[in-house]
Amino acid sequence: MTATHQTHGKNYNLRDEIKAYWSIRAEKFDLSPGHEIFSEEERQAWRNLIEKHLGPGNGRPALDLASGTAVISHLMDDAGFRVTGLDWSETMLALARAKAKTRGRDITFRMADAENTMEPDGSYDVIVTRHLVWTLVDPAACFAEWMRVLKPGGRLLIVDGDFVNVGFGERLVKKLAALAERIGLIKPEISHAPVELAGKHEEILSQVHFSGGARAEDVAQLLRQAGFEAVQIDHDLRKIHRAQARHLSFFKATARGLQHRYAICATKPL
Ligand SMILES: C[S@@+](CC[C@H](N)C(=O)[O-])C[C@H]1O[C@@H](n2cnc3c(N)ncnc32)[C@H](O)[C@@H]1O
């Protein structure tokens, strides 16, 4: 390569890597309990969580950020919100659009970065986002952006977790599961995430803001710094996890119940 053709630095950044990673994960995303919903019991538990923090939809505009295959978008649509889903993986968006078509639902999906939505100021009553915050590159800038697109008095609902710090109980359960698998007591757990992507996942995780794990209190603190008020952390996701557990192995369900998973609701001041 001549000097003129040499590249200086990268023109493929962390955000591109995150996009590429999820585009590969898209195809099998809905096969996992915890992603797609597999029972009316779980659907109802999600509905209750949404209603508890956001109230009834009543045709109000809602933005589902990092909408993926649109699981949350459909819950919001069912709850009566007028939903727009944003994601930056075209593969995810194609699946989301196909699902809305199959269900005959009118949900808008657009390609955009949740950190720079391109949506107009003060245009949404509600923002909802599940399993995005842990992977944000710049959450402070992002929360300021969400504040901008919310109407005064609008609400934000985050559903996320710390998937990095594994507590003693969860470590023990995982060791028992590995042992039970080794001695043939249980079948190996089916993973819908390709094993060859595990390294990429670690590499991405090591570079994001919450590389040490997205603890609810740290996320809440950043939300307050961005100007959100009435920031409430809700750890009561038991009904959702109990419903998911019926579609998971005993060990996986037990581990999930021990993880630091949460919802956070916050309000833009009037
Ligand atoms: C774990 S999936 C969650 C999908 C969906 N929220 C759900 O809970 O079913 C993460 C999604 O976030 C999207 N994503 C990650 N970072 C994003 C960003 N900065 N802006 C928009 N989408 C993003 C990915 O493309 C992927 O669809």
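**Helix α3 and the salt bridges**

Biologist: How many residues of helix α3 (residues 71–78) are buried?

Modeller: Seven of its eight, so α3 is mostly covered, taking buried as under 20% relative accessible area, exposed as over 50% and partly exposed as in between (1.4 Å probe, protein chains only). Helices (H or I, at least four residues) and strands (E, at least two) are DSSP runs, numbered from the N terminus. This is a predicted model: local features need pLDDT of at least 70, side-chain atom pairs count only at pLDDT 80 or more, and totals for chains, interfaces and linings use all residues. Residues are numbered from 1 along each chain as its sequence is written, and side-chain values use heavy atoms, without hydrogens and water.

Biologist: Which residues of α3 are buried?

Modeller: Val 71, Ile 72, Ser 73, His 74, Leu 75, Met 76 and Asp 77.

Biologist: And what covers them?

Modeller: The cover includes helices α2 (40–54) and α4 (90–103). Strands β1 (61–65), β2 (82–87), β3 (108–111) and β4 (124–130) also contribute.

Biologist: What does Arg 105 form with Asp 77?

Modeller: A salt bridge, with the closest N and O atoms 2.5 Å apart. The rule is a side-chain nitrogen of Lys or Arg within 4 Å of a carboxyl oxygen of Asp or Glu. Asp 77 is buried at 9% relative accessible area, whereas Arg 105 is partly exposed at 38%.

Biologist: New topic. How many salt bridges by this rule?

Modeller: The count is 19. One of them joins Arg 15 and Asp 113 at 3.8 Å, N to O. Arg 15 sits in helix α1 (residues 14–29) and Asp 113 in the loop between β3 and β4, 98 residues apart.

Note on methods
Contact = heavy atoms within 4.5 Å.
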